[in-house]
Amino acid sequence: MARNYEVIFKSFTGFHAKHANFLRFDMRISKEFIKSSLIYTLAGILPMASAILLLPFYIAGLDTSDYGALSIYLAFSLLIQILVTYSFDTSLYIHFHEYKGDKNKLAAFISSAFILMLFIGIGITVILFTIGDIFFRHIFSEKPISFYPYGLMAAGAGIFQALFKVHSNLLQSREKPALFFWSNLISFLMIAAFTILGLIWYPNTLVGPVGGRLLAAFISGLWAIGRIAWEFGWHFNFPLLRSSFSFNFYAFIYQLQQWVINYFDRFVMLFFLPLSSIGVYDFAIKCLLIIEFILNGLHNSFYPKVVKVMMAQDEKKSTLEINRYYNVFSAAIMLLTCFCILVIPVAIDWFVTSGYVRAKSDYILSVEYLPFIAVLYLIRPIRLYFAVPYNILKYTKPLPWIYIIVSVTKIILMIVLISSMKIYGVILSTAISAVLEFVLLRYYMRQKFTYQYNIFKILVAPLVLLAIIVSGELFLLQNSVILHSVYLLVCISLLYWAYRKEIKYVDGRNMLK
């Protein structure tokens, strides 16, 4: 493992005092590591960052009912993207490292994967033109959700976005940070620009949010296909491609189940709650996407190193280096979550009430749900820690069963709770299913991978912080700036206690040498 990471990760180990001599290391961060991590983190944020940038325009140009409808169309678009991708965004990363020594074989595999995705996209288009309108009218008969034109636009955006996403993942696998950054930046700017122009030219409609995304995805997808054809040529080697289908199938089922866990709640809510409530709920989630962006960026920045460590092992198990990554990762998300709980409600209140933005007043209702949704991110580093061996070791067989259990549990809980608890019922069902998820992930991997970790740093600290925040919101002053400041202080105290032995060995004067 590169010494570049020593200063960040070795200072957050689970060692006791007897390991003090080991902790006295030369703490230096290379400029190359900082640059690469920042590029991948920022670029990973950009494609979805438009959701945050566009929030002021949404709350000014759409009421909560329209925003609720938009959340349904975007969830549908993501479903189409998953279908077209067929998990090549995951498998290409693995197979790139297998075939990179044979350029012809690598080119044939990559080209074949993109051609297959094009075939899938064409097939989905034909099916939707045939039965899409009938399906939407039957399922959403009592809601203003239609296939023409917005459902069709959302499907098109999903198809082209799938091609661009797989191409972006390939760039990251090939360690091309500059092109990865600029392509994602341009895609981000196009989505933002086309959406804003659409909201200006066609106010109080979804032409801008849905149509603008379609246009941006179309341009980005065509560019990705053009680069693949230019660099790797056109090959369709089905026998070679078929070698990845076993891995792809289980990963694909996993991605579908992740979609059910993360997005199907909007569709369930359609049968119990008005579109305006869905809009309030989704708006609260979008306001917290900054956590999602940073979380994904941070994890992507060190994930390739975790892959290398695990692939080099004879006995598959957690190592001190792997644990350092996830210890720091969890600590960062704890701090970020508390900061967002403190700042974002104040920002929403200012936007809605200041008069500088002509915001619809109903959006202020999202503030009361923000802390409860934010604490769910405290569970994400735990899930990622226990999930990482599945993809790296290509052991995806248990994943469908795990996520069938998690998905069914969440849907049943939502149906039971939503009628009495409304939006809180959705949040509670999500929290219970998230805990169940990481418990099952650890359980089913126990025979193939040995988890060795500091229980307090990985599990206890984030879960204790979650319990404190939920208790404070339920029993004390909800949405109090003072109380939210206390959460941040509690978080810092927990982390200080967790890393008190390591902190005394940190010499700030040597950090950036």
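Aspartate 265 touches Val260, Tyr281, Lys410, Met414 and Val426, not counting residues up to four places away in sequence. The model in which these contacts occur is a predicted one. Aspartate 265 belongs to helix H12, which covers residues 245-270. With a relative accessible area of 1%, aspartate 265 is buried, because the cut-off for that class is under 20%.

Helix H12 also holds glutamine 258. Glutamine 258 has a relative accessibility of 13% and counts as buried. Leaving aside residues up to four places away in sequence, glutamine 258 is in contact with Arg383, Tyr403 and Glu437. Glutamine 258 and valine 406 are 148 residues apart along the chain, and their C-alpha atoms are separated by 9.4 Å.

**Helix spans and bends**

The table sets out three helices with their end-to-end C-alpha distances and the spans expected at 1.5 Å a residue.

| Helix | Residues | Length | C-alpha span, first to last | Expected span |
|---|---|---|---|---|
| H8 | 147-173 | 27 residues | 37 Å | 39 Å |
| H14 | 289-311 | 23 residues | 32 Å | 33 Å |
| H15 | 320-353 | 34 residues | 50 Å | 50 Å |

For H8, the reach is close to the expected value. Of the 27 residues of H8, 20 are buried, so this helix is largely enclosed by the rest of the structure. Proline 149 lies in H8, and the peptide bond that leads to proline 149 from tyrosine 148 is cis, with omega near 0°. After H8 comes glutamate 175, which has a positive phi near 55°.

H14 likewise reaches close to its expected span. There is a bend of about 35° in H14 at phenylalanine 302, and proline 304 follows within four residues. In H15 the distance between the end C-alpha atoms agrees with the expected span. H15 has a bend of about 30° at cysteine 340.

**Cysteines**

How many disulfides does the model contain? The count is 0, where a pair would need sulfur atoms within 2.5 Å. Cysteine 340, the site of the bend in H15, is in no disulfide, and the nearest cysteine sulfur, that of cysteine 338, is 9.5 Å away. This distance does not meet the limit, because a disulfide requires sulfur atoms within 2.5 Å. Cysteine 340 is buried, at 4% relative accessibility. Cysteine 287 is buried as well, at 10% relative accessibility.

**Aromatic rings**

The structure has 39 aromatic pairs. One of them joins phenylalanine 135 and phenylalanine 136, with 6.2 Å centre to centre and 70° between the planes. The pair is edge-to-face, because plane angles over 60 degrees fall in that class. The two partners differ in accessibility: phenylalanine 135 is partly exposed, with a relative accessible area of 47%, whereas phenylalanine 136 is buried, at 4%.

Ring pairs also link a cluster made up of Phe302, Tyr325, Tyr326, Phe329, Tyr385, Phe386, Phe438, Phe449, Tyr451 and Tyr453. Phe302 in this cluster is the residue at which H14 bends.

Two arginines are placed over aromatic rings. Arginine 446 lies over the face of tyrosine 443, at 3.8 Å from the ring centre. Arginine 500 has its charged end over the ring of tryptophan 497, 3.9 Å from the centre of that ring.

**Positive phi in loops**

Most residues other than glycine have a negative phi, and most peptide bonds are trans. Which loop holds asparagine 204? Asparagine 204 is in the loop between helix H9 (177-201) and helix H10 (207-232). Although asparagine 204 is not a glycine, its phi is positive, at about 60°. Asparagine 204 is exposed, with a relative accessible area of 52%.

Lysine 422 is located in the loop between helix H18 (399-421) and helix H19 (423-444). Lysine 422 has a positive phi of about 60° and is not a glycine. At 41% relative accessibility, lysine 422 is partly exposed, because this value lies between the limits of 20% for buried and 50% for exposed.

Definitions and conventions: Residues numbered from 1 in each chain as written. Predicted model: local features only at pLDDT ≥ 70, side-chain atom pairs only at ≥ 80, totals over all residues. Heavy atoms only, no water. Buried < 20%, exposed > 50% of the residue type's maximum accessible area, 1.4 Å probe, protein only. Helix = DSSP H or I, 4+ residues; strand = E, 2+ residues; numbered from the N terminus. Expected span 1.5 Å × (residues − 1). Bend = angle between axes of the 7 residues up to and from the residue. Phe/Tyr/Trp six-rings, centres within 6.5 Å; stacked < 30°, edge-to-face > 60°. Lys NZ or Arg CZ within 6 Å of the ring centre and 35° of its normal. Contact = heavy atoms within 4.5 Å.
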